[in-house]
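Here are a few exercises to work through with the structure open in your viewer. Try each task before you read its solution.

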Amino acid sequence: MATDLNSILAQNIKPEWTVSIVRPEQSLEPEDGTGPALAELDEPALVAACLAGRREAFDMIVELHRRAVYQLCYRFVGNHEDASDLSQEVFIRAFRGLDRFRGDSSLGTWLYRIAVNVSLNKVSAKQPQTEPIDARPHIDSRAVDPSSELLRGERAAQVRAAIACLPKKQRATVILRIYHELSHEEIAGILGSSVGAVKTNFFHALAKLRNLL
Amino acid sequence: MRHLSSDQILDSAEGRGEPPAHLASCLACRSRVEELKQVLALAATDSVPEPSPLFWNHFSERVRDAIAAEPAPLSARPRFSFARTASLAAALAIIVIGVAVTMRTAEPVNSVVRGPVGLPEVADIGGNPPLSPPLDDDPTWVVMGELASQLNLEDATEAGLTTGPDAAERAIAQMSEQEQREVVELLQAELQKANRL
């Protein structure tokens, strides 16, 4: 078949009549190579750039949100290794689903939603492992009173342990409200609940924490 | 006396809005608000240990490597588009008809005026009359003209259809076996017609 075709083409088509179809490679850069500097772009523009194929735009998104995402994941799992792995998972999922980000909420809130889902899945499968005492950041004992520092550390451990005992939605609500200072409306958006349900959850969570602490 | 609702107690503990007047006169509600305030204050003292500064660069690299292995986000991938497909089909039809028309001009035509690439030569006014019928009357050219007028240049460009030196073979190479068979049959039919002329 191909031979027939080639011989027919070779014999009968004049060079000036040939037409070629050229499919340009998918460009990861703007065509003129002079796109705006990523640092100058706001978040919707970064998302748009990423969707247009500029993967380095996603690096900027990671840089902007990695700390908050890590801290959120850490609150759920209580140790660095798992928090690091979960944070990576959050960004990979965000990249995969970036075309579904509609800009109705901020990019940070959208990432929080992914982080909460990923973290809750993780803690559902495994009891949270709190950081061993040696892994906690080193604090210069000369600068603070050792006994008060010890007391503070114990209090912090109690708080974490108490929060870890809360039901999943209450726990997420406490973490998002207290440590990430999100509004009840934003939390409702993240958890897929009503604002009323979020407030009720938060109230009951605080009441439980009062009993646990 | 009606006590505060849980919402009102929570709002008061978080310091949102004006404190209800009831609080001033109800010790029970006031103590509930105070308890929640204490829990909030205690919980707020706990902070996440800050990882090493080196961790963040390492983390970004890990994410970058993982992302590099991922396909592009959906919007960066070419999607099926009716307009694009239609443009592609129209362009293909033009190619096929163009090839057919070329082969119909079996005898060389004396010419002094050359059209742009892809257009037939225009016969010299003083030379031999063209063997083929005038182009305006040629139904093939009418079909080609109609197809070309329906072809959206932007869509065609977006679809990667640009002219260049590499002939229709590349387009034909992308056809299925059935499509190639049909093109061969078409070309052979046109050749036979040209030979009869």
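**Exercise 1. Find out where to be careful.**
Task: This is a predicted model, so start with confidence: over which residues of chain A does pLDDT stay under 50?

Solution. Step one: go to residues 14-32 of chain A, where pLDDT stays under 50 and the model has 37 contacts beyond four places in sequence. Step two: move on to residues 137-141 of chain A, where pLDDT also stays under 50, with 5 contacts beyond four places in sequence. Step three: set these stretches against the whole chain. Chain A has a mean pLDDT of 80, and 73% of its residues reach 70 or more.

**Exercise 2. Take stock of the two chains.**
Task: Work out how many helices and strands chain A has, then do the count for chain B.

Solution. Start with chain A: there are 9 helices and 0 strands, so its elements, read from the N terminus, run α-α-α-α-α-α-α-α-α. Chain B has 9 helices plus 2 strands, and its order from the N terminus is α-α-α-α-α-β-β-α-α-α-α.

Next, look at burial. In chain A, 32% of the 213 residues are buried; in chain B, 18% of the 197 residues count as buried.

Finish with the contacts between residues at least 6 apart in sequence. In chain A, 64% of these join residues at least 24 apart. For chain B, residues 24 or more positions apart account for 61%.

**Exercise 3. Map the nonpolar core.**
Task: Which residues touch the most other members of the largest nonpolar core?

Solution. The largest core holds 60 residues, and the ones touching the most other members are Cys73(A), Val90(A), Ala115(A), Leu206(A) and Leu36(B). Now ask which element gives the most: helix α3 (residues 56-77) of chain A, with 11 residues. Apart from this core lies another one of 7 residues, including Ala90(B), Ala91(B), Ile95(B) and Leu187(B).

Zoom in on Val90(A). Leaving out residues up to four places away in sequence, Val90(A) touches Val69(A), Cys73(A), Leu111(A), Ile114(A), Ala115(A) and Val118(A).

**Exercise 4. Describe a helix pair.**
Task: How do helix α8 (residues 184-191) and helix α9 (residues 195-212) of chain A pack, in angle and axis distance?

Solution. The angle is about 100 degrees and the axes are 8 Å apart. That makes α8(A) roughly perpendicular to α9(A), because angles of 65 to 115 degrees count that way. Now pick out the residues: α8(A) brings His184(A), Glu185(A), Ile187(A), Ala188(A) and Leu191(A), and α9(A) brings Val195(A), Val198(A) and Lys199(A). Sort the residues of this contact by type and you get 5 nonpolar, 1 polar and 2 charged.

**Exercise 5. Compare two loop residues.**
Task: Is Leu166(A) buried or exposed, and is Glu181(A) buried or exposed?

Solution. Leu166(A) sits in the loop between α6 (146-164) and α7 (168-179) of chain A. Leu166(A) counts as buried because 20 other C-beta atoms lie within 10 Å, and the cut-off is 20 or more. Beyond its neighbours within four places in sequence, Leu166(A) is in contact with Arg171(A), Val174(A), Ala205(A) and Lys208(A). Its C-alpha atom is 9.7 Å from that of His204(A), 38 residues apart along the chain.

Glu181(A) is in the loop between α7 and α8 of chain A. Glu181(A) is exposed, because it has 9 C-beta neighbours inside 10 Å. Check the backbone too: most residues other than glycine have a negative phi. Glu181(A) is not a glycine, yet its phi is positive, about 50 degrees.

Conventions: Residues numbered from 1 in each chain as written. Chains lettered and ligands numbered in written order. Predicted model: local features only at pLDDT ≥ 70, side-chain atom pairs only at ≥ 80, totals over all residues. Core = buried A, V, L, I, M, F, W, Y, C linked by C-beta atoms within 7 Å. Buried ≥ 20, exposed ≤ 12 C-beta atoms within 10 Å, placed from the backbone. Helix = DSSP H or I, 4+ residues; strand = E, 2+ residues; numbered from the N terminus. Contact = placed C-beta atoms within 7 Å. Axes fitted to C-alpha atoms, helices over the stretch in contact; angles between N-to-C directions. Parallel < 35°, antiparallel > 145°, perpendicular 65-115°, else oblique. Nonpolar A, V, L, I, M, F, W, Y, C, P; charged D, E, K, R; others polar. pLDDT = per-residue confidence, 0-100.
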